[in-house]
Amino acid sequence: VQILGSILFTNSTKDDLILAKCACTVLQQLGAQKKLKGLSPEPQIRFPSSDDVFNRISSLILRPTESYDWFGLAEQGVNAIYALAEQPDVICGKLIMTIAGRIFERQALLDVSKQFSSMHIDGADEPITTSIGGSSPVLNEGSDDICDAFELSKLCFLIGHVAIKQVWWLEVIETEWKRRKSGSTGKSSKKASVDELEQIPILQVMASLALTKMMCVSSRFCEENLQLLITILEKSSDAIVRSNIVIGLGDIAVSFNSLIDQNISYLYKRLSDTDLTVKKNALMVLTHLVLNGMVKVKGQLSEMAKCLEDTDKRVSDLAKLFFTELATKDNAVYNNLPDIISNLSREETDRCAKKFMEALPLYQDKLHDDLLYKYLQDIVVK
């Protein structure tokens with residue numbers, strides 16, 4: 001790893017963030033585990049956290065820049081640290097503290113930083129001791145509440161991504177613990193104001209992304225901040241923010257499905273979003289959640305049926321696939337037909353009702369003599 005690191009991280013890498021990102025991606029392959037069918041994966045080889053390659057990665061992440069390529073570098077750099085280091089949480093904790101120290105010059109951070117004073121990462125402008133960060137303060141003069149938006153975006157992104165990787169790291173530790181407990185051999189793993197935000201899209205994107213990632217980690221944190229996340233989803237004018245939150249809600253549902261199940265209507269509303277990407281992502285997330293039984297169907301299927309007539313072929317094809325798959329489940333569509341009909345039996349949704357019937361050939365024979373089927377036929381004819 002030392003040889004590969006010295007080759008990958010050269011002066012050219014320091015000046016080219018995309019090249020540095022690729023170098024971190026290559027390094028991750030050293031930590032890849034070979035999985036053979038029917039056999040447990042081999043114990044993963046890890047390197048001391050003091051290894052020079054982690055200092056090089058940290059230096060790149062801590063290097064001052066206002067390039068958007070930094071986010072890709074930080075993501076792959078953190079991935080490489082968690083893939084190879086014996087104590088990745090210690091390294092990434094120091095990174096977060098260092099970047100936070102550059103932003104906030106407050107006594108609270110000074111007290112916390114003392115816990116990390118014995119650690120050193122190459123690339124930090126100064127060790128965190130009595131003064132945090134060696135770069136010029138990013139707090140605006142005369143204000144304690146406003147700081148550099150781009151630096152704060154970097155901090156939000158880093159916190160969110162490290163939170164997600166920490167969950168994965170705990171799973172690695174658990175797997176190794178189970179291996180050791182069962183007698184398997186192998187090396188053990190040790191474990192700004194709203195007006196200002198509206199003017200800074202990148203900060204909105206990274207802050208909301210960090211929030212959704214952290215909500216995947218803790219049920220208590222998720223419950224406390226779910227309403228805030230939904231409010232952002234409803235009121236944000238940025239399609240990227242809405243799209244990220246929709247995907248994030250899908251991830252949250254995997255861990256805390258009961259919380260999302262109670263608020264699933266907000267996801268269905270995104271099927272009528274003016275942005276095509278948001279609409280498509282909402283349809284994909286709902287398809288995954290419903291077909292895998294992660295959320296209960298509570299009469300909102302009419303919103304899915306409306307997508308059958310969407311002007312975008314990808315959306316309409318995905319909606320048709322959803323109902324085709326749902327029709328293979330025991331009475332899943334049949335039990336929800338009354339709600340679907342009542343919501344589609346309006347003048348502006350007649351075409352959706354007809355398209356809905358075309359997508360459900362498996363149920364036409366079953367309902368041929370049923371009053372419900374005849375009623376639906378009348379709606380289509382009208």
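How much area does the protein expose, and what share of it do carbon and sulfur atoms supply? The exposed area comes to about 20,000 Å², and carbon and sulfur atoms account for 52% of it. Keep in mind as you look around that this is a predicted model. Here's a quick tour, starting with the whole protein and then zooming in on helix 4 and on one lysine.

**The whole protein**

- You'll find 21 helices here and 0 strands.
- The protein has 382 residues, and 47% of them are buried.

**Helix 4 with helix 5**

- Two packed helices are described by the angle between their axes and the distance between the axes, so those are the numbers to look for in each pair.
- Helix 4 covers residues 52–62 and helix 5 covers residues 69–84; their axes come within 10 Å and cross at roughly 160°.
- Angles over 145 degrees count as roughly antiparallel, so helix 4 is roughly antiparallel to helix 5.
- The crossing of this pair is left-handed.
- On the helix 4 side, the residues to click on are Phe 54, Ile 57, Leu 60 and Ile 61.
- Across from them, helix 5 brings in Trp 70, Leu 73, Ala 74, Gly 77, Val 78, Ala 80, Ile 81 and Leu 84.
- Sorted by class, the contact between helix 4 and helix 5 has 11 nonpolar residues, 1 polar residue and no charged ones.

**Helix 4 with helix 6**

- Helix 4 also packs with helix 6 (residues 88–103), at an angle of about 25° and with the axes 11 Å apart.
- Since angles under 35 degrees count as roughly parallel, helix 4 runs roughly parallel to helix 6.
- This crossing is right-handed.
- From helix 4, the contact uses Phe 54, Ser 58, Ile 61 and Leu 62.
- Helix 6 answers with Ile 91, Leu 95, Thr 98, Ile 99 and Arg 102.
- By class, that gives 6 nonpolar, 2 polar and 1 charged residues in the contact of helix 4 with helix 6.
- Phe 54 and Ile 61 are worth a second look: they take part in the contact with helix 5 and also in the contact with helix 6.

**A lysine to look up: Lys 279**

- Lys 279 sits in helix 15, which spans residues 276–291.
- Is Lys 279 buried or exposed? Its relative accessible area is 15%, and under 20% counts as buried, so Lys 279 is buried.
- Setting aside neighbours within four places in sequence, Lys 279 is in contact with Arg 270, Leu 271, Asp 273, Asp 310 and Val 315.

Methods
Residues numbered from 1 in each chain as written. Predicted model: local features only at pLDDT ≥ 70, side-chain atom pairs only at ≥ 80, totals over all residues. Heavy atoms only, no water. Axes fitted to C-alpha atoms, helices over the stretch in contact; angles between N-to-C directions. Helix = DSSP H or I, 4+ residues; strand = E, 2+ residues; numbered from the N terminus. Parallel < 35°, antiparallel > 145°, perpendicular 65-115°, else oblique. Left-handed = near helix turned anticlockwise from the far one by under 90°. Contact = heavy atoms within 4.5 Å. Nonpolar A, V, L, I, M, F, W, Y, C, P; charged D, E, K, R; others polar. Buried < 20%, exposed > 50% of the residue type's maximum accessible area, 1.4 Å probe, protein only. Areas by Shrake-Rupley, 256 points an atom, 1.4 Å probe, with all protein chains shown as cover.
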